[in-house]
Amino acid sequence: MRVNSFYKYAPFLFFLSPGLLGQSGVLDTYVQEGLKTNLALKQKEASYEKSLHVLREAKAWFYPQVNLNARYTMAEGGRLMEFPIGDLLNPVYSTLNALTGTNNFQPVDNQSFRFLRPREHETKIQVIQPLLNTDIYFNNKIKSSMVEAEKADVETYKRYLVAEIKKAYYNYLKTLQLTKILHDFQLLAEENLRVNERLFANDMVTRDRIFRSKAELGKMEQQIALAEKDRQIAGAYFNFLLNRDLQDPIIIEEPEFSDSISMPVLLVIHDEAVTRREEMTRLGIMENISASVVRMNRMKSFPELLFAMDYGFQGTRYRFTGEDDFVMASVVFRWNIFHGMQNRHRIRQSQVDELILRTKKEETAELVRLEVTQAWYQLKAAEKAMLAAEKENLAARMGFQVIEKQYMNGMVSLLEYLDARTVFLAASTNEVAGRYEYQVRMAEFERVACMYPIDNE
């Protein structure tokens with residue numbers, strides 16, 4: 001029902017917020033590049049690739065094992081085996097000689113031989129095929145689920161990486177705009193200094209106005225230096241996420257500032273995020289793994305059955321002839337009837353792990369709902385702050401224009417002019433910060449609500 005609700009509101013969502021599910025072409029290109037080149041993501045993908053090989057290893061246990069074993073032994077000494085053949089046959093031989101009146105049956109001596117043969121070799125091919133082994137079956141099932149868990153972990157990081165790339169891009173654009181604004185105000189400060197120097201040359205103002213203008217200009221240069229530092233750091237971090245040279249140029253494309261989503265659509269996303277978040281998928285898989293471990297431990301009381309066959313050659317000389325070969329086939333049955341109740345405690349441990357994961361899944365679902373709610377209210381607050389900053393900047397700009405004209409005509413003091421310019425500068429920077437903070441909050445909302453499509457191939 002909730003899935004159907006989501007698709008019912010989906011067109012409304014696209015209409016209200018075209019910027020929510022997409023972004024500028026340049027930024028989208030950067031996002032796709034980051035998904036291919038980011039080093040941390042490559043590590044996650046390598047772990048996923050490793051889990052695939054672990055799964056293939058688990059499947060290999062279903063197939064027969066074929067081994068070639070060769071042994072050549074040289075021995076000396078050891079135990080003697082006594083064989084009383086004389087004691088057994090000599091009385092019989094004596095009786096036969098007496099009956100026949102002959103001496104045809106000669107007595108024999110008792111024999112002895114060593115247990116270890118002085119020379120011996122054995123070369124054989126051994127085939128072992130499991131017929132019944134519950135551990136192999138459940139091990140394969142668990143490893144298969146672990147592959148899916150690793151994949152969910154990769155997708156979780158992909159979603160995080162997309163949001164980080166967007167935030168880094170917006171922060172870089174913000175530093176560019178702030179630097180541009182400061183340069184524009186630096187021109188105003190330089191012009192003010194030039195005007196005051198001209199007025200002082202004509203004995204129309206005192207020298208203190210020149211010093212104050214120079215101080216304001218120096219302050220502006222200091223702010224520009226800090227802004228340039230922030231711009232370099234923001235650009236380097238963005239390039240780092242894309243695994244590029246830290247000084248590589250970044251293509252600039254201003255985003256479209258769209259409206260945020262409405263409350264009815266939020267309610268749908270609030271529920272859908274719980275089912276679509278990769279963290280929830282991974283916890284569901286881990287819960288299934290825990291259930292499989294419980295079943296595996298319970299079925300350890302089942303017997304094991306395997307088939308083994310040997311074909312090879314034995315003898316005192318290393319040769320391979322029809323007189324030396326042998327074949328041996330076996331069916332091995334093993335049933336662990338009692339082992340100190342170890343398996344019972346393993347089952348209890350597995351059941352506790354299953355309970356912990358079930359509780360963790362419920363907690364994570366609530367955390368997802370909380371994250372979506374927090375991100376939405378932060379987005380709404382950023383939207384209101386952005387609109388308020390636009391109004392503030394408009395009023396500050398108009399006020400400064402009035403004060404500037406009055407100052408040029410000598411109608412207001414330098415302090416009033418500088419105060420108006422400071423207010424205008426603060427409002428301008430606040431508007432820029434508000435606009436990009438809104439985009440940053442939008443990117444974070446896309447992440448927690450799973451609004452950005454991640455390639456699952």
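This section describes the overall form, the strand pairing, helix α2 and the nonpolar cores of a predicted model.

The protein contains 10 helices and 6 strands. Its radius of gyration is 42 Å, well over the 23 Å that the globule rule gives for 457 residues, so the protein is more spread out than a compact globule. Along the principal axes, the C-alpha atoms fill a box of roughly 165 × 55 × 40 Å. The accessible surface comes to about 27100 Å². Carbon and sulfur atoms account for 58% of that surface. Of the 457 residues, 37% are buried. Contacts distant in sequence are frequent: among those between residues at least 6 apart, 84% join residues at least 24 apart.

Strand pairing was examined for β4, β5 and β6. Strand β4 (residues 119-132) runs antiparallel to strand β5 (residues 304-315), and 11 bridges join the two. Within this pair, Glu122 stands opposite Gln314 of β5. Strand β5 is also joined to strand β6 (residues 325-334), here by 10 bridges and again in an antiparallel arrangement. Phe307 has Val331 of β6 as its bridge partner. Strand β5 thus pairs with both β4 and β6.

Helix α2 covers residues 25-37 and has 13 residues. From first to last C-alpha it reaches 18 Å, close to the 18 Å expected at 1.5 Å a residue. Its buried residues are Val26, Leu27, Tyr30, Val31, Gly34 and Leu35. These pack against three helices: α3 (39-60), α5 (134-201) and α6 (207-241).

In soluble globular proteins, nonpolar side chains tend to be buried together. The largest nonpolar core of the model has 44 residues. Two residues of α2, Tyr30 and Val31, are among those with the most contacts inside this core. The others are Leu161, Ile165, Tyr169, Phe238 and Tyr417. Elements giving two or more residues to the core are α2, α5, α6, α9 (342-408) and α10 (414-448). Helix α5 gives the most, with 13 residues.

Tyr169 illustrates how the core is connected. Leaving aside residues up to four places away in sequence, Tyr169 touches Val26, Leu27 and Tyr30, as well as Phe238, Ile250, Ile251, Ile252 and Glu253. Val26, Leu27 and Tyr30 are buried residues of α2. A second core, separate from the largest, has 18 residues. Among its members are Met280, Val368, Leu379 and Ala382.

Definitions and conventions:
Residues are numbered from 1 along each chain as its sequence is written. This is a predicted model: local features need pLDDT of at least 70, side-chain atom pairs count only at pLDDT 80 or more; totals for chains, interfaces and linings use all residues. Side-chain values use heavy atoms; hydrogens and water are left out. Helices (H or I, at least four residues) and strands (E, at least two) are DSSP runs, numbered from the N terminus. The expected span of a helix is 1.5 Å times one less than its number of residues. Buried means under 20% relative accessible area, exposed over 50%, partly exposed in between (1.4 Å probe, protein chains only). Contact means heavy atoms within 4.5 Å. A nonpolar core is a set of buried Ala, Val, Leu, Ile, Met, Phe, Trp, Tyr and Cys residues joined through side-chain atoms within 4.5 Å. Two strands pair if DSSP finds at least two bridges between them. The radius of gyration is taken over C-alpha atoms; the globule rule is 2.2 Å times the number of residues to the power 0.38. Accessible areas come from the Shrake-Rupley method with a 1.4 Å probe; for residues, only the protein chains shown count as cover.
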